[in-house]
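Please open the model in your viewer and keep the sequence at hand, since this tour moves from one selection to the next.

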Amino acid sequence: MAELWTLECSACGGTRDAQGFPTVCEQCGQPYLVRYPEWPERRPSAPPETGWSMWRYSAWLPLRHGETPVTLGEGGTPLRESTRLGRRYGLDRLFVKDEGPNPTGSFKARGLSMAVTRAVCAGARELAVPTAGNAGVATAAYARCAGVTARVFAPATTPSKILSEIRRYGAELVIIDGHIGDCGRAARSYAAERGAVDLSTLREPYRLEGKKTLGLEIAEQLGWHFPDAVVYPAGGGTGLIGIWKAFQELRASRWVTDELPRMFAVQAEGCAPIVRAFREGLDRCTPWPEPHTIAAGLRVPAPLGDRLMLRVLRDSGGAAVAVSDAAIIEGASDALDHEEIDAAPEGGAALAGARILREHGLLAAGDRVVVCNTGAGWLYRA
Ligand SMILES: *Cc1c(COP(=O)(O)O)cnc(C)c1O
């Protein structure tokens, strides 16, 4: 059977077929991206009566006829026009894409629904994942749903509620005294030893495809239009890269003909490798020595997707800004106080970033701005 998609290295352009479960490029160690053939009739399916999930976009996803997705109803989250918050920040057309309502409480559900689906289709019985927290909860839940085992490697500093959710879904949890990079090394050696599938961010190409549905959904919720700007709290980078990939695919298929939006990354002052590399005009990061911030998902000192993120920011005419933990807390309380959104600290960071970008004139008052709240706040409370 002819493959519906192929894999193309994001750095050297090398290609391979989609047999089995791929990792990074064999030639240069950089992430593969999924490439689809021209497919003019690609369109979303009608929302099923049982609800609106990201699988409505399966025509844009790596799924063959007859394959069944591992799904818990992820996606279909609200895009909230936030006029009260917008007034406070000087943004007349502010929208918050609220990913908190996803199964397992974060947008990680999208990526892991897709990646666990592909892993199971490739015959995987055992999964391994390093996490700053939410990817571990999502892996645990989707593995359980698929009837396979998951081993999750998380830093000891992960919020305790998140750790207990990982256990509650029945994953084997390994606590690492270190950051997500150390967890990644542990997960990789475990996976190599056991023959488990390693689902680390961008070490396989499918989590990104699931995250891409965030961009497809934003465009659809704006009536198949792009916003002027997207503000995203970037850690590993799959959200930022995935939203951009969605917008590019929508343009390439002429489903949306607007100008592509500017993409902005927000990081925490205590871990801002992308912000530093962007300011210095570099095309990759140097590892951030001692990452610290309350926004656990942003504690990624050396993201594998650094080149891709920096390319998205520059190609889109965007930028990167860092915010303090105090501003992150204020951003999250603003979301609750003015819009009744229970934002994760990472969402608080994105809001704080949008405020700074407006103050610095990088966002105009009339811009249609989408800020991503990537997860639910309750997971971070004791
Ligand atoms: C993982 C995570 C992030 C960072 O996402 P990337 O797409 O990997 O940059 C941001 N917010 C939350 C809540 C997360 O769980």
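Begin by selecting strand β1, residues 6–9, and show the side chains, which alternate along the strand: L7 and C9 point to one face and are buried, while T6 and E8 point to the other face and are not buried. As you look, keep in mind that this is a predicted model.

Next, add strand β3, residues 32–35, to the selection; β1 and β3 run antiparallel, and four bridges join them. To find one place where these strands meet, pick E8 in β1, which stands opposite L33 in β3.

Now bring in strand β2, residues 15–16, which also runs antiparallel to β1 and is joined to it by two bridges. Which residue of β2 is the bridge partner of L7? Selecting R16 shows you that partner, and L7 itself is one of the buried side chains of β1 that you saw at the start. Between β1 and β2, follow the hairpin, which has five residues between the strands, and stop at G13, where the phi angle is positive, near 80 degrees.

For the last stop, move to helix α3, residues 134–146, and select N134, which lies in this helix. Is N134 buried or exposed? Its relative accessibility is 10%, and because buried means under 20%, N134 counts as buried. Then display what surrounds N134: leaving aside residues up to four places away in sequence, N134 touches S106, K108, I162, L379 and Y380. With Y380 there is also a polar contact, made between the side chains of N134 and Y380 at 3.0 Å.

Note on methods: Residues are numbered from 1 along each chain as its sequence is written. This is a predicted model: local features need pLDDT of at least 70, side-chain atom pairs count only at pLDDT 80 or more; totals for chains, interfaces and linings use all residues. Side-chain values use heavy atoms; hydrogens and water are left out. Buried means under 20% relative accessible area, exposed over 50%, partly exposed in between (1.4 Å probe, protein chains only). A polar contact is a pair of N or O atoms within 3.5 Å; within protein, one must be able to donate a hydrogen and the other to accept it, and residues adjacent in sequence count only if both atoms are side-chain atoms. Contact means heavy atoms within 4.5 Å. Two strands pair if DSSP finds at least two bridges between them.
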